Amino acid sequence: MNDKSNKRFSINRRQLIGGGVATLAMPALISNAFSQEKFVCKIAHSEAIGSPFTNAFDKWAKILNERSEGRIDAQHFPASQLGGLAQLLEMSRIGTVQVTAAGPDSEEAIAPEIAATAGAPGFIYKNEAHVDAVLQGDIGDEISKIAREKTGVEFIAYGEVGFRHLLTKEPVTGLASLQGVKLRVPEVNIWVEFWKALGANPTPLPYSEQYSALSTGIIDGLDSDYFSVLGFKWHEQAKNITPTYHWFLPKAIRMNAAWLDSLPADLQELCRTSAKEVFGEQRTINRAGADKALEDLKAVGCTVQPFPAEERAKWEEKTDFLFEKMGEASPETAEMIAKIRALG
């Protein structure tokens, strides 16, 4: 073999080896590209901008983006930017949005046993420790599985709005002073029955009409969490607060199950663990904030009326039959109510 032949052989050998290296490297490049696939996560809900709930979603979106190193592209749309609650619930079920938030009672038509955990028809939760025993324990896991099977969403964590109380023009300190009081209620039959059983005059009205209804005398009062009383300035029309703790509203963080299942295992774990972390903090912030909101209401002229334990017991006794009535929806619903109450 002459020098020219040797040179050609050397060049071809180098090209062959180089091509081989490139060929061997291709699976690694493909694998790396696959691992960097982006998963868009649209988070959309109806909570107000600046609320503890919306702030928690802001934080969670940042955590998903950062801890996934960009593999999850979490996009946050608060304050009904992508639609009202009914629309968002449907969008979360079909996967048009990946995450929304709503009370478990939103699934009443499909899974009434889940709706029981939202606290209807009142006094199902004794205190915040009871709420935690239910939702952060086996029952919380159970209703998440039921939601996944029946609605296509997984409840990956639970935040909260908190307990509701009475706000009235005239003081309400017990059953005697509640008789005939015109109270705004949601346009839901169970709440009409609840207040009728206590002797009030329930008046179903849309949420947005409460201020004008107070100012014109259509209603004498309403029930609400302290944040909303401040935020919507209902205290300008009614100054008496009775801390009844009659209804607690948890909010499930609802993630589309098919989307969650499409993620690599490490990102599925990230979604679940980070949601529990962030909304655990939200519950703590919300509870501390509720105490501050009550103090703020006092500062603007509201008076807190006494509501002793013996009075609460009377209210509970008069409305207890509604649990049995709600349980008639299905044997599973009756069983769920019994389990919740047993933990209290």
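This report looks at helix 6 and two pockets in a predicted model.

## Ground rules

Local features need pLDDT of at least 70 and side-chain atom pairs count only at pLDDT 80 or more, while totals for chains, interfaces and linings use all residues. Residues are numbered from 1 along each chain as its sequence is written, and side-chain values use heavy atoms, with hydrogens and water left out.

## Helix 6

Helix 6 (a DSSP run of H or I, at least four residues, numbered from the N terminus) covers residues 138-151, and its end C-alpha atoms sit 20 Å apart, in agreement with the 20 Å expected for 14 residues at 1.5 Å a residue (1.5 Å times one less than the number of residues). Its buried residues (under 20% relative accessible area, 1.4 Å probe, protein chains only) are Ile-139, Gly-140, Ile-143, Ser-144, Ile-146, Ala-147 and Thr-151. They fall within an arc of 165 degrees seen down the axis, so they line one face of the helix (the arc uses directions from the helix axis to the C-beta atoms).

Turned away from that side are the exposed (over 50%) Asp-138, Lys-145 and Glu-149. The buried residues pack (heavy atoms within 4.5 Å) against several elements, among them helix 3 (85-94), strand 4 (153-168) and helix 15 (331-342). Right after helix 6 comes Gly-152, with a positive phi near 80 degrees.

## The second largest pocket

About 210 Å³ of space lies here. Of its 15 lining residues (an atom within 4 Å of a pocket point), Gly-140, Asp-141, Ser-144, Phe-155 and Lys-276 are closest to the centre. Helix 6, strand 4 and helix 12 (265-299) each give two or more residues to the lining.

Notes:
On a 1 Å grid over the protein atoms alone, a cavity is a set of points where a 1.4 Å probe fits but cannot get out, and a pocket is an open set with protein on both sides within 12 Å along at least five of seven lines; lining residues have an atom within 4 Å of a point. Grid points are joined across faces, edges and corners, and a volume is the space filled by probe spheres set on the points.
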